[in-house]
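User: I would like to go through this model with you, one topic at a time. Please keep the answers plain.

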Amino acid sequence: MHIPDGYLSPQTCATFYAASVAAVGFAFAKFKKSVDEKTFVHLSVASAFTFIVMMFNFPVVGGSSAHITGIPLITYLFGPFASIIASAVVLIIQALLFRDGGILALGTNVFNMAVAIPLTVVFVDSILKTANLKNEKVRMFISTYISTNVAALLTAVELGLQPILFTKAGKPLYFMYDLKTTIPAMMVPHLLVVGVVEAALTILLYSALKNFAKIEK
């Protein structure tokens, strides 16, 4: 899911940098009002977990990669604002030190994973609660599965729009594959494998770690 440099236009990168900075800044303003030292330590451990699981990538046809993120788990343990901040920090470190995702594409990668996944988890979970779905594990599975696939879909659309929006003399300036390639290339592995693994892992680890996180609901 990490988009490298050279695949997105400067206009696309600038747009998503602005959106991500605004989202992370808002999340930080909300998070710092309630954080204490113990929460910070626990969140650091959770960030390390996210960092590790994101490092196991496998290539996907169309230019990106597939992997679980651990972000839905952090969202359930610490809330969306903490999850956005921790995930953004992980993605920045990966881009700067390990070249996992581009520097210019960093804003897009932060938006797709660190911002979109936590917000989708919270949104879908709230809808399921409204629908009176009381089983927490079922809600967690559905929310995690959908959020993972939303991030994959965003990546596919952003890549697939490049040869449609940015061309010169009929040739793509940046990414060469359009939506007909990027959407199935990203969505098939995430719908069939990655989303299911991410959801199962979230349920399994949440049950084990929720007391550690001392969640305040």
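User: To begin, in which helix does Ala82 lie?
Analyst: Ala82 lies in helix 4; helices (H or I, at least four residues) and strands (E, at least two) are DSSP runs, numbered from the N terminus. Please note that this is a predicted model, where local features need pLDDT of at least 70, side-chain atom pairs count only at pLDDT 80 or more, and totals for chains, interfaces and linings use all residues. Residues are numbered from 1 along each chain as its sequence is written, and side-chain values use heavy atoms, with hydrogens and water left out.

User: Is Ala82 buried or exposed?
Analyst: Ala82 is buried, because its relative accessible area is 1%. Buried means under 20% relative accessible area, exposed over 50%, and partly exposed in between (1.4 Å probe, protein chains only).

User: And the nonpolar core: which residues have the most contacts inside the largest one?
Analyst: They are Leu43, Phe78, Leu91, Val110, Met113, Ile117 and Tyr206, in a core of 37 residues. A nonpolar core is a set of buried Ala, Val, Leu, Ile, Met, Phe, Trp, Tyr and Cys residues joined through side-chain atoms within 4.5 Å. Helix 4 gives the largest share of this core, eight residues. Another core, of six residues, lies apart from it, and Ile3, Cys13, Leu159 and Phe175 are among its members.

User: Turning to the surface, which residues make the nonpolar patch?
Analyst: Ile52, Met55, Phe56, Val89, Ile92, Ile93, Leu96, Leu97, Phe98 and Ile103 make a patch of about 940 Å². Patches consist of residues with over 30% relative accessible area and no salt bridge, with like charges joined within 9 Å and nonpolar side chains (Val, Leu, Ile, Met, Phe, Trp, Tyr) within 5 Å. The areas come from the Shrake-Rupley method with a 1.4 Å probe, and for residues only the protein chains shown count as cover.

User: Which helix contributes the largest share there?
Analyst: Helix 4 (residues 80–98) does, with six residues. Ile103, by contrast, is found in the loop between helix 4 and helix 5; its relative accessibility is 38%, so Ile103 counts as partly exposed.

User: How many salt bridges are there?
Analyst: The count is two, where a salt bridge is a side-chain nitrogen of Lys or Arg within 4 Å of a carboxyl oxygen of Asp or Glu. Lys129 and Asp125 meet at 3.5 Å, N to O, and both lie in helix 5, four residues apart, about one turn of the helix. Asp125 also forms a salt bridge with Arg139, the closest N and O atoms being 3.2 Å apart. This second pair links distant parts of the chain, with Asp125 in helix 5 and Arg139 in helix 6 (residues 136–165), 14 residues apart. Asp125, Lys129 and Arg139 are thus linked in a network of salt bridges.

User: Are Asp125 and Arg139 buried or exposed?
Analyst: Both Asp125 and Arg139 are buried; for Asp125 the relative accessible area is 8%.

User: Where does helix 5 bend?
Analyst: Helix 5 bends by about 40° at Ala116, and Pro118 follows within four residues. The bend at a residue is the angle between axes fitted to the seven residues ending there and the seven starting there.

User: What about Asn132 and Ala169?
Analyst: Asn132, in the loop between helix 5 and helix 6, has a positive phi near 70° and is exposed, with a relative accessible area of 53%. Ala169 has a positive phi of about 55° although it is not a glycine, and Ala169 lies in the loop between strand 3 (167–168) and strand 4 (171–172). Ala169 is exposed, because its relative accessible area is 79%.
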